[in-house]
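Colleague: Please take me through one part of this model in close detail. I would like to see how the helices meet around the core, and what sits beside that region.

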Amino acid sequence: MVNNVQTTTPISIGQWLTRGWDLVASEPWPFVLLTLIYLVLNIAASTTVFGAILLVGPTTAGYFYIIFQKMRGKSLYMGDIVKGFQVFIPLAYHAENNALK
């Protein structure tokens, strides 16, 4: 059975993009550094299948974890990119279970 989600608030892509840009513009250099670290890790990991399987997902989860922390008003901490290893398995399990429904 598919759950239909009803929304009473109109979706505004422009507002989301503005809020995202404002978030990055508030501290641009940490975001640039974070993105460079993320890219270097993923490019290095993608050179082998084993690395791609084990590193790309968790580092992506860590990247988004840092961004979500910033959205909540917390400080950026580059070391949090490894937090993705703590949350990746539950995220992957949840995504797989929802995809099969």
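Modeller: What follows is a walk from the overall fold to the core, then to the pocket, the salt bridge and two residues of the second helix.

Keep in mind that this is a predicted model. The protein has 4 helices and 0 strands. Read from one end of the sequence to the other, the pattern is α-α-α-α. Of the 101 residues, 21% count as buried. Take contacts with a separation of 6 or more: residues 24 or more positions apart account for 51% of them.

Now the core. The largest nonpolar core has 9 residues. They are Leu 23, Phe 31, Leu 34, Tyr 38, Tyr 63, Ile 66, Ile 67, Leu 76 and Ile 81. Helices α2 and α3 each supply at least two residues of this core.

Start with Leu 23, a member of that core. Set aside its neighbours within four places in sequence. Leu 23 is then in contact with Phe 31, Ile 67, Lys 70 and Met 71. Two of these partners, Phe 31 and Ile 67, are listed in the core as well.

Leu 23 also leads to the pocket. The largest pocket holds about 220 Å³ of space. Its lining consists of Trp 16, Arg 19, Gly 20, Leu 23, Val 24, Phe 31, Tyr 63, Ile 67 and Met 71. Helices α1 and α3 are the elements that give two or more residues to this lining. The most comes from α1, with 5 residues. By class, the lining has 7 nonpolar, 1 polar and 1 charged residues. Core and pocket share residues: Leu 23, Phe 31, Tyr 63 and Ile 67 appear in the core list and in the pocket lining.

Lys 70, another contact of Leu 23, brings in the salt bridge. A search of the whole structure finds 1 salt bridge. Lys 70 forms it with Glu 27, and the closest N and O atoms are 2.4 Å apart. Lys 70 lies in helix α3, residues 49–71, while Glu 27 lies in the loop between α1 (13–26) and α2 (28–45), so the pair ties together parts that are 43 residues apart in sequence. The two partners differ in burial. Lys 70 has 15% relative accessibility and counts as buried. Glu 27 has a relative accessible area of 27% and is partly exposed.

Next, helix α2. Tyr 38 is placed in this helix and belongs to the largest nonpolar core. Why does Tyr 38 count as buried? Its relative accessibility is 17%, and buried means under 20%. Not counting residues up to four places away in sequence, Tyr 38 touches Thr 59, Thr 60, Tyr 63 and Ile 81. Of these, Tyr 63 and Ile 81 are core residues too. Thr 60 is 22 residues from Tyr 38 in sequence, yet the C-alpha to C-alpha distance is 7.6 Å.

Asn 42 also sits in helix α2. At 9% relative accessibility, Asn 42 counts as buried. Leaving aside neighbours within four places in sequence, its contacts are Leu 55, Val 56, Thr 59 and Thr 60. Thr 59 and Thr 60 thus touch Asn 42 and also Tyr 38.

To draw this together: the core takes at least two residues from each of α2 and α3. The pocket lining draws most on α1. The Lys 70 to Glu 27 pair joins α3 to the loop between α1 and α2.

How values were computed: Residues are numbered from 1 along each chain as its sequence is written. This is a predicted model: local features need pLDDT of at least 70, side-chain atom pairs count only at pLDDT 80 or more; totals for chains, interfaces and linings use all residues. Side-chain values use heavy atoms; hydrogens and water are left out. A salt bridge is a side-chain nitrogen of Lys or Arg within 4 Å of a carboxyl oxygen of Asp or Glu. Buried means under 20% relative accessible area, exposed over 50%, partly exposed in between (1.4 Å probe, protein chains only). A nonpolar core is a set of buried Ala, Val, Leu, Ile, Met, Phe, Trp, Tyr and Cys residues joined through side-chain atoms within 4.5 Å. Contact means heavy atoms within 4.5 Å. On a 1 Å grid over the protein atoms alone, a cavity is a set of points where a 1.4 Å probe fits but cannot get out, and a pocket is an open set with protein on both sides within 12 Å along at least five of seven lines; lining residues have an atom within 4 Å of a point. Grid points are joined across faces, edges and corners, and a volume is the space filled by probe spheres set on the points. Ala, Val, Leu, Ile, Met, Phe, Trp, Tyr, Cys and Pro count as nonpolar, Asp, Glu, Lys and Arg as charged, and the others, Gly among them, as polar.
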